[in-house]
Every structure is written in C-alpha cells, then in structure tokens.
Amino acid sequence: MIQSLYVIRSREVDPRHNLALEEYLLQGVKSGECILYLWQNQRTVVIGRNQHAENECHIQALEADGGYLVRRLSGGGAVYHDLGNVNFTIVTTRENFDVDRQTEVILRAVQKVGLRAEKNGRNDLTVEGRKFSGHSYYKSGSQCFHNGTIMVDVDKEPLEKYLNISLLKLRAKGVKSVRSRVANLREYLPDLTVSQLNRALIEAFGDVYGLPVAELRYEDIDQEALACGQAWFSRPEWIYGKSQSLPVRREARFDWGILRIDYAEEAGVITDAALWSDGLEADFLGRVPGLLKGCPLAGEFLAERLRAQPGASEDLVESILVLLRGNEE
C-alpha cells in the first residue's frame, strides 16, 4: 500500500545526469513510497535497452549538432528529446507497481490542462489518434519504474534528421513518416507551457493516489553516487553496445514490437547470437543471446530454455522461435 508521495524535478538538461538520477531514485525507493520524477533533456536521442544504436540513430548528424545519444535501462523504442518535451518517471516498489494507475496520472494531468487523451496500443497515449506520449517500464529486484515522454512543443524536424525509424514500424502504423504520427499538445492548446503541465502532473499524482505530495530536496541527493551513475551512463560500451557480424540475420515485427536476431550456427546448433529489439521486457530480451548459444535450432530444448526465464511470455517465446526457424510474420 502506498503511504507517501514525493516529487523531484531535475535541475539539469544533460541526459546522462538525468538517467543517473532516475536510477538513484529507483535504488533508494522504499516500500510504501511512490516518487514522481520530472526532467528534461536538451537535444537528445534516447534508445531502449536492447536497441542497436546505429540502426536507430543518425549518430554523426546528432553529434555534429552538439546532441547526445544515450541508452536507458528500460526497453521500448528510440525517442527524441528537446526542451519542448517533459519526461516523467514514476518510481515505486513491486507490490505497488500498477501500470494502469500510473498511466492515469498522465491522462488526468492532460485532462487538467484541457485535453482528452487515451491509451492506444501497448505503450502510447494519443490525442485525436496522434501520439504525444510513449512509455516504458523497468523492474530491478523489488524496485520498479514507469517512465515516458510528453510532447508539449517539440521541434519535429530533428525527428527525421536524427531518428532512423524502421519501415516495419511505419508500415504497421499506416503512416509515411514519424512526424505525421506524433503531435505536440500545443497544437491543440497553443498557450500551454511546460511549467503548467508540470503543475498539472503533480496535482494529478496526488489526486490519483489520494495523498499529499511532498517535495524531495535536491540538496539531499548523494552527489558522489550521482556522479558515479552519470559516469556509468556515459560509457561508450553502454551507449553504443558491442558490434559483431554474424552470418544469419532475421528480423520481423510482431504485435509486441520489432525483433532482430543475428546468429551463427554449426551442424544445426547456434554457436553465437545477438539480439536487438524495442520490446518492453528488457531484461528477458537481453538474456536471450546467452540462452541461444549451444541450443539446437530444431526441437523443443530451445523453447523450454526460453520459457523457464522470468519475463518470458508465450508471445515473446513464440516470436523468437518463429524468427529463428525462418518463418517471418
């Protein structure tokens, strides 16, 4: 049961600092607590935990313009942030983690500023059918968070300059470009400001949980721990991942997201594998390459090994098996 609500707003626009603060809050949240963290990044592409950096982002163009590429802990797809975007993270413990209730905070905040929004698909919020907010989720031991973006007045031109949107995704959405699919809230409310939305989010947070919201003091944050976290999120090996060339490549889009598996095999047994995905089950998908190594492509051994893992839904397992056996959706 949630007994205490807290809010904290980042003072920085460096995404590495903000991701480090998100993880710091995650590690420190206690049973009975729920924290709303509000933050903004300047000219940033954030990729999901298991995405291929070069496939998702035009890195040279972004960095030439002084932008940042970062990788978050949670799954999901790549997003572009600037100061016209509000990022939120709701942090709590596993027994109180409730995606519907957490999503209601965002829906109610948007309602407070004068718009009717709805949940659409696996992790999107829309106004009049156009996406303004995408969400992802992360669990680590007993701690969890639900984070996402809210487009208030984002410059849309960089969306196509910096993001390399998969044709599989665009075809599935029935659109020609990401710009035509997304919307800023200011397109419907021209006078809306980031400050107004932040106030609405804090009010909605208290309304949904029926408790007063106390402010967490920035001065009470362990700055040494935060600096260590920022250095960790800045590591090239974390941001860009390991590049490897394997002879077989399989890729398809499923109802839950896009999945690409590259692998090598010898005598029908997988000898090496790599996986990239915008799926939300980040931890499970991240373990898959290690689980594949040494498995025969045929038979039930691979299926049994995958199903035994935490987070392994039947949809995910079946998608992996379909892809490996060459029967693309």
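This report describes one sheet, one pocket and one loop residue of a predicted model.

**The sheet**

Three strands make up an open sheet, and their order is β4-β3-β5, with mixed pairing. The edges are taken by β4 (68-71) and β5 (79-81); each has a single partner strand, so one side of each is left without a neighbour in the sheet. From one strand to the next, the twist averages 25 degrees.

The mixed pairing can be followed strand by strand. Strand β3, residues 44-47, pairs with β4 in the parallel sense, and four bridges link the two. On the other hand, β3 and β5 run antiparallel and are joined by three bridges. The table lists some residues of β3 with their partners.

| Residue in β3 | Partner residue | Partner strand |
|---|---|---|
| Thr 44 | Tyr 68 | β4 |
| Ile 47 | Arg 71 | β4 |
| Val 45 | Tyr 80 | β5 |

Which way do the residues of β3 point? Thr 44 and Val 46 point one way from the strand, while Val 45 and Ile 47 point the other way. Are these four residues buried or exposed? All of them are buried.

A helix also belongs to this part of the model. Helix α1, which covers residues 15-28, lies across β3 and β4. Its direction makes an angle of about 20 degrees with β4.

**The second largest pocket**

The volume of the second largest pocket is about 610 Å³. Its lining consists of 25 residues, and those closest to the centre are Arg 49, Gly 241, Lys 242, Leu 275 and Trp 276. Several elements each supply at least two residues of this lining: the helices α2 (53-56), α10 (236-240) and α11 (282-292), and the strand β14 (269-277). By residue class, the lining of this pocket divides into 10 nonpolar, seven polar and eight charged residues.

**Glu 187**

Where is Glu 187 placed? Glu 187 sits in the loop between α7 (178-181) and α8 (194-209). Its relative accessibility is 38%, and because buried means under 20% and exposed means over 50%, Glu 187 counts as partly exposed.

Leaving aside residues up to four places away in sequence, Glu 187 touches Arg 130 and Lys 156. A further residue to compare with Glu 187 is Asp 153: the two are 34 residues apart in sequence, and their C-alpha atoms are 8.1 Å apart in space.

Terms used. Residues numbered from 1 in each chain as written. Predicted model: local features only at pLDDT ≥ 70, side-chain atom pairs only at ≥ 80, totals over all residues. Heavy atoms only, no water. Pairing = 2+ DSSP bridges. Axes fitted to C-alpha atoms, helices over the stretch in contact; angles between N-to-C directions. Contact = heavy atoms within 4.5 Å. Buried < 20%, exposed > 50% of the residue type's maximum accessible area, 1.4 Å probe, protein only. 1 Å grid on protein atoms, 1.4 Å probe; cavity = no way out; pocket = protein on both sides within 12 Å on 5 of 7 lines; lining within 4 Å. Points joined across faces, edges and corners; volume = space filled by probe spheres on them. Nonpolar A, V, L, I, M, F, W, Y, C, P; charged D, E, K, R; others polar.
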